[in-house]
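Work through the exercises below with the sequence and the model side by side. Try each task before you read its solution.

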Amino acid sequence: MPLAKIPPNTILLVGRERAYIDNNGQIPIIDTGALPGQFVELADIGGVLGWRKVTSATNIPSKFILLEDDINGKGVDQAYNSGDIPAIACLDLGMEVWALVPSGQDITQGDYLQQNGDGNLKEATAGTAAANVAHYQALETLGAITALTRCRTQIVVG
């Protein structure tokens, strides 16, 4: 009988010892409901610099991912509120994360992933993979996804 795969309950799976993690900064979240495991970018909204979920699926992919706010006793399923100071990791080649994939995807281990334009990842098409937009690879098979789901993911382009 195979062993059951246990959820890791942390976003940064491999590479934590070499990750730059910022949770002492003064740059707040400006996107209510952003979840650990979503990719974020800096934005200036009305003169306020802050982190928001990535808004494009085709721009240069962000390497910044929200981590769980464990310093304040919050886990991977607890969203950040606007104004919160988040814990964020800057990812590099070979690091592994527990990222989010939205409903409507069909993920198989080895699939290349790209950003979805909402902070989550989606399966890359052959065209986007060839255009060097797919910077991530699924490390597990999830099958047909019907709800926002976490996927063990490796950064394959640094």
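**Exercise 1.** Does Asp 77 count as buried or exposed, and at what relative accessibility?

*Solution.* The model is a predicted one, in which local features need pLDDT of at least 70 and side-chain atom pairs count only at pLDDT 80 or more, while totals for chains, interfaces and linings use all residues. Residues are numbered from 1 along each chain as its sequence is written, and side-chain values use heavy atoms, with hydrogens and water left out. Next, recall the cut-offs: buried means under 20% relative accessible area, exposed means over 50%, and partly exposed lies in between (1.4 Å probe, protein chains only). Asp 77 has a relative accessibility of 62%, and therefore counts as exposed.

**Exercise 2.** Find the salt-bridge partner of Asp 77, and describe where the two residues lie.

*Solution.* A salt bridge is a side-chain nitrogen of Lys or Arg within 4 Å of a carboxyl oxygen of Asp or Glu. By this rule Asp 77 is paired with Arg 150, and their closest N and O atoms are 3.6 Å apart. Strands are DSSP runs of E with at least two residues, numbered from the N terminus. Arg 150 belongs to strand β13 and Asp 77 to the loop between β5 and β6, so the salt bridge ties together parts that are 73 residues apart in sequence. Arg 150 is buried, because its relative accessible area is 11%.

**Exercise 3.** How many salt bridges does the structure hold, and which other pairs form them?

*Solution.* The structure holds 3 salt bridges. Besides the pair of Arg 150 and Asp 77, Arg 52 forms one with Glu 41, with the closest N and O atoms 3.0 Å apart. Arg 52 lies in strand β4 (residues 48–53) and Glu 41 in strand β3, 11 residues apart. Glu 140 forms a salt bridge with Arg 152, where the closest N and O atoms are 3.2 Å apart. Both Glu 140 and Arg 152 are buried.

**Exercise 4.** Which strands are the neighbours of β7 in the open sheet, and which strands stand at its edges?

*Solution.* Two strands pair if DSSP finds at least two bridges between them. The open sheet of 6 strands has the order β1-β7-β13-β11-β9-β10, with antiparallel pairing. In this order β7 stands between β1 and β13. The edges are β1 and β10 (121–123), each with a single partner strand, so one side of each has no neighbour in the sheet. Counting bridges, 2 join β1 (residues 12–14) to β7, whereas 6 join β7 to β13. Glu 96 in β7 is the bridge partner of Val 14, and Glu 96 also stands opposite Gln 154 in β13.

**Exercise 5.** Which strand gives the largest share of the largest nonpolar core, and how many of that strand's residues are buried?

*Solution.* A nonpolar core is a set of buried Ala, Val, Leu, Ile, Met, Phe, Trp, Tyr and Cys residues joined through side-chain atoms within 4.5 Å. The largest such core has 31 residues, and Leu 12, Phe 39, Ile 65, Leu 91 and Val 97 touch the most other members. Its largest share, 4 residues, comes from β7. As for burial, β7 is mostly covered, with 5 of its 6 residues buried.
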